[in-house]
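Dear colleague,

Please find the structure below for your review. My notes on the findings follow it.

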Amino acid sequence: MQDISVRLAERNPKVVFVLGGPGSGKGTQCEKIVQHFGYTHLSAGDLLRAEKNSGSENGIMIQNMMNEGKIVPSEVTVKLLQKAMLESGNDKFLIDGFPRNEENRAAFEAVTKIEPEFVLYFNCSEKEMERRILNRNQGREDDNIETIRKRFKVFLESSLPVIEYYKGKGKVREIDAAKPVEEVFEKVKDIFTPEVQNVEGGCRCCAIL
């Protein structure tokens with residue numbers, strides 16, 4: 001059997017990294033992109049949690065590391081993403097909340113031999129993100145001011161260098177995420193629509209039903 005990296009690279013998948021602080025609305029926008037443009041939405045956090053709960057040898061290792069407060073190695077997360085991409089049968093992916101830091105980014109490109117088409121960055125002020133998280137009323141224990149601010153600080157320290165790296169390559173598509181959901185999605189559509197329609201000089205209108 002071919003190495004999973006080779007098998008995946010042969011399919012020449014289109015990968016979009018989706019980044020934004022907690023409460024920036026990227027999850028909502030990912031749902032809309034999936035519906036309108038046929039991408040598969042992958043969350044690194046969800047994949048890690050699912051593997052942890054599976055009872056597999058890998059899952060037990062992830063559970064033990066989390067229990068000890070250790071960070072799961074980037075390669076483990078990347079391999080879970082690879083497996084999900086290969087099993088999806090699709091060739092267009094939104095990878096949500098990843099890479100979280102430069103180590104994640106370097107590991108993804110080194111292991112998969114894939115560079116993202118671009119990074120979709122939902123830029124939103126800390127004040128607005130705080131307001132949204134506190135108002136969403138999901139009963140999450142981590143939805144308090146102190147924890148929210150810590151998460152925002154981690155995002156700034158870890159993820160902004162990734163965004164700056166891809167800005168240097170001309171691969172960041174930044175959106176003002178403070179606007180209402182539908183206004184934000186209009187901007188998202190402006191980014192994705194040319195890529196859907198301008199394929200081999202034809203129009204793939206059916207792809208955005």
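Which side chain does E51 join in a polar contact of 2.8 Å? The partner is S56. The model is a predicted one. Within it, E51 belongs to helix α3 and is buried without a salt bridge. K83, the nearest side chain of opposite charge, is 5.5 Å away; because a salt bridge requires the nitrogen and the carboxyl oxygen to be within 4 Å, that pair does not qualify.

Helix α3 also figures in the largest pocket, where it gives the most to the lining, with six residues. The space in this pocket is about 1,700 Å³. Its lining comprises 50 residues, and P22, K26, G97, R100 and R151 are the closest to the centre. By class, 15 of the lining residues are nonpolar, 20 polar and 15 charged.

Turning to charge pairs, the structure holds 16 salt bridges. One of them joins E182 and K32, with the closest N and O atoms 2.9 Å apart. This pair links distant parts of the chain, helix α10 and helix α2, across 150 residues. E182 counts as partly exposed because its relative accessibility is 45%, whereas K32, at 18%, counts as buried.

A further salt bridge, between E128 and R131, has an N to O distance of 2.7 Å. Both residues lie in helix α7, three residues apart, or about one turn of the helix. E128 is buried, with a relative accessible area of 16%, while R131 is partly exposed at 44%. In addition, E102, R105 and E109 are joined into one network by salt bridges that share partners.

Yours sincerely

Note on methods:
Residues are numbered from 1 along each chain as its sequence is written. This is a predicted model: local features need pLDDT of at least 70, side-chain atom pairs count only at pLDDT 80 or more; totals for chains, interfaces and linings use all residues. Side-chain values use heavy atoms; hydrogens and water are left out. On a 1 Å grid over the protein atoms alone, a cavity is a set of points where a 1.4 Å probe fits but cannot get out, and a pocket is an open set with protein on both sides within 12 Å along at least five of seven lines; lining residues have an atom within 4 Å of a point. Grid points are joined across faces, edges and corners, and a volume is the space filled by probe spheres set on the points. Helices (H or I, at least four residues) and strands (E, at least two) are DSSP runs, numbered from the N terminus. Ala, Val, Leu, Ile, Met, Phe, Trp, Tyr, Cys and Pro count as nonpolar, Asp, Glu, Lys and Arg as charged, and the others, Gly among them, as polar. Buried means under 20% relative accessible area, exposed over 50%, partly exposed in between (1.4 Å probe, protein chains only). Lys and Arg count as positive and Asp and Glu as negative; His and the chain ends are not counted. A polar contact is a pair of N or O atoms within 3.5 Å; within protein, one must be able to donate a hydrogen and the other to accept it, and residues adjacent in sequence count only if both atoms are side-chain atoms.
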